[in-house]
Each structure stands twice: as C-alpha cells, then as structure tokens.
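User: Please examine the following protein chain and answer a series of questions about its fold and local geometry.

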Amino acid sequence: MIAAPVEEGTSSVSDDSDRAAWLRRTRAYLRKADPVLAGLIDERPDFDPEEWRAQLPPMDLFGALLFQVTGQQLSVAATRTILGRIQAPFGGRLPAPPELLALDPAELRAAGLSWRKIGTLRDLAERLTDGRLDQKVLSALPDDELMAELTVIPGIGPWTVQGALLVALEREDVVLPGDLALRKAVQAAYRLDHRPSEQEVLAIAEKWRPYRSLATSYLFSVVESAEPAETSPVKAAAAARPPARSRAPRSGS
C-alpha cells in the first residue's frame, strides 16, 4: 500500500473558481513566454481547451487508464470501436476494477483488446481491488510520484500515465513528449524540418511551465483534422463516448 499523499503539486484547473480568469491569466503567461504559442492563441480567440471534456462521461483514474491502455498504438476509430464494446455490457459506461475482473478475459479479447493489454488492465484492476493501490490516494499524489507508482505495472508507461493526468485529474502542467500527434504539432507550429524527438519536445515545453497542459491543448488543435492514425490521449478520450443513439458494436475481432 502506498503512503498517504502530500497535497503539494496536485493543483487542478477545476479547483479555480473563476475559469475565465484562469484562462486569461494563463493565456497571457503563455503568450509572453513563447511567441509561437502567442500566434496560436491569437489565431484561435474562441478556442476552448476544455471543450472535449464535455463529450466524456465522468471518469475516475482507473477509467482514464483504461482509455489510455486501450488506445495505445491505435487510431481514434479503432479505439472508439473497442471502447464501445467494452462499455456495452455496462450500459454504456466503463467498468470499475472489480467489474473488469469479473469479465471473462476472452470477452475483452473479443472486444478487440490484445492479450498484452488485457494483462495490463487486469493487473491494474487487481491492485486497485486488493488494496495494493488506492484510487483516492493515487489521485492526490504529485505527478512524478503517481508516475512512479503506476509505471511499475507492465504495459503502463509514461504516455499512458500522462494522458490520465490530463484527462481524468486535469493537472495543469502535463506534457506528452512521446505522443505522435503532439510531435507532429510541434513540427508544424515551430516549422521544424524534422519530427522532433521527445527530448526536443521537452526542451521546447520548458518555457510553458507551469501551464504545459494548456499549451499542449493548443498544439493538439493544430493537428485536430490530421489523419486518423493519431494517438493523442485527448483525441482517444474524446472519441470514446459512442455517438448519440448509436448501437454499440457487436463483440468480434
């Protein structure tokens, strides 16, 4: 069982009582810090970096990690299909850890998950069910401590945890240097002649601290109409809710 958390470092944008004031302040900060972001912000005066969350059902940390693991190396369309199949037995919602463990792994395989991803999700669900991990404690940990706790699980790497930090916990200072969509966006926005490495993305993102999440949202908007092979967690999560009145796909390969 992990130790009780400290509160420092767990700031969430949802804690700010005046969202509009927060956005004005952080946009002004980013405009001053980075002229490229200043251009993106000026070009998108009505851009709402939180709009995609309105498309999502409420989710806890486990739900966000399930989203992320499912979407690893998959297109948005494939992620949407698999998540629809997983949600179908639960009335269109994601299963809680004990519910996922109660499912026959063959059902998850039929939904489209690989055996490796099934093993990862069952391992995570077991730890959350038997008390080795606690969602409330995890959700209150600083970003680096949460990363350390979760990446010991095979199949959960930094990209998966970073996406959960952004999607479910709404942390203010998250960047996803390994995300293909973000790297493409950085290449386009900064007019680079090559796809930046993770270290190059991190170096560019240093000037965005402590609001890297907002900067990341603006950059994702650069490629929001790109080819469907993108794997950004924001896109995968936003795509996870089945279209209204649509019938969940049947289980199958």
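The questions and answers below move from the whole chain to individual helices and residues.

User: On what basis are the values computed?

Analyst: This is a predicted model, in which local features need pLDDT of at least 70 and side-chain atom pairs count only at pLDDT 80 or more, while totals for chains, interfaces and linings use all residues. Residues are numbered from 1 along each chain as its sequence is written, and side-chain values use heavy atoms, with hydrogens and water left out.

User: How many helices and how many strands does the secondary structure of the protein chain come to?

Analyst: Helices (H or I, at least four residues) and strands (E, at least two) are DSSP runs, numbered from the N terminus. Read along the sequence, the pattern is α-α-α-α-α-α-α-α-α-α-α-α-α-α. The count is 14 helices and zero strands.

User: What percentage of the residues of the protein chain count as buried?

Analyst: Buried means under 20% relative accessible area, exposed over 50%, and partly exposed in between (1.4 Å probe, protein chains only). The exposed surface of the chain is about 12,100 Å², with carbon and sulfur atoms supplying 52% of it; such areas come from the Shrake-Rupley method with a 1.4 Å probe, and for residues only the protein chains shown count as cover. Of the 253 residues, the buried portion is 49%.

User: Among contacts between residues at least 6 apart in sequence, what percentage join residues at least 24 apart?

Analyst: A contact means heavy atoms within 4.5 Å. For pairs in the protein chain at least 6 apart in sequence, the portion joining residues at least 24 apart is 71%.

User: Why is helix H13 described as largely enclosed by the rest of the structure?

Analyst: Helix H13 spans residues 212-222. Its buried residues are Arg212, Ser213, Leu214, Ala215, Thr216, Ser217, Tyr218, Leu219, Phe220 and Ser221. H13 is largely enclosed because the buried residues number 10 of the 11.

User: How are the axes of H1 and H13 arranged, and at what angle do they cross?

Analyst: Two packed helices are described by the angle between their axes and the distance between the axes. Here axes are lines fitted to C-alpha atoms, for helices over the stretch in contact, and angles run from 0 to 180 degrees between N-to-C directions. The axes of H1 (residues 19-33) and H13 come within 10 Å and cross at roughly 80°. Since angles under 35 degrees count as roughly parallel, over 145 as roughly antiparallel, 65 to 115 as roughly perpendicular and the rest as oblique, H1 and H13 are roughly perpendicular.

User: Which residues of H13 meet residues of H1?

Analyst: On the H1 side, the residues are Trp22, Leu23, Thr26, Arg27 and Leu30. Their partners in H13 are Leu214, Ala215 and Tyr218.

User: Which side chains make polar contacts with the side chain of Asp173?

Analyst: Asp173 sits in the loop between helix H10 (158-167) and helix H11 (180-189), and it is buried, with a relative accessible area of 17%. A polar contact is a pair of N or O atoms within 3.5 Å; within protein, one must be able to donate a hydrogen and the other to accept it, and residues adjacent in sequence count only if both atoms are side-chain atoms. The side chain of Asp173 has such a contact of 3.2 Å with that of Arg209, and another, of 3.0 Å, with that of Arg212.

User: Which residue does a cis peptide bond join to Arg209?

Analyst: The bond has an omega of about 0°. The partner is found in the loop between helix H12 (198-205) and H13, and Asp173 is in contact with both Arg209 and this partner. The residue is Pro210.

User: Is Gln73 buried or exposed?

Analyst: Gln73 has a positive phi of about 60° although it is not a glycine. Its place is in the loop between helix H3 (61-71) and helix H4 (76-87). With a relative accessible area of 75%, Gln73 is exposed.

User: What distance separates the C-alpha atoms of Phe62 and Ala164?

Analyst: Phe62 is found in helix H3 and counts as buried at 1% relative accessibility. Ala164 is one of the buried residues of H10. The two residues are 102 apart along the chain, and their C-alpha atoms are separated by 8.6 Å.

How values were computed:
Lists of a residue's contacts leave out its neighbours within four places in sequence.
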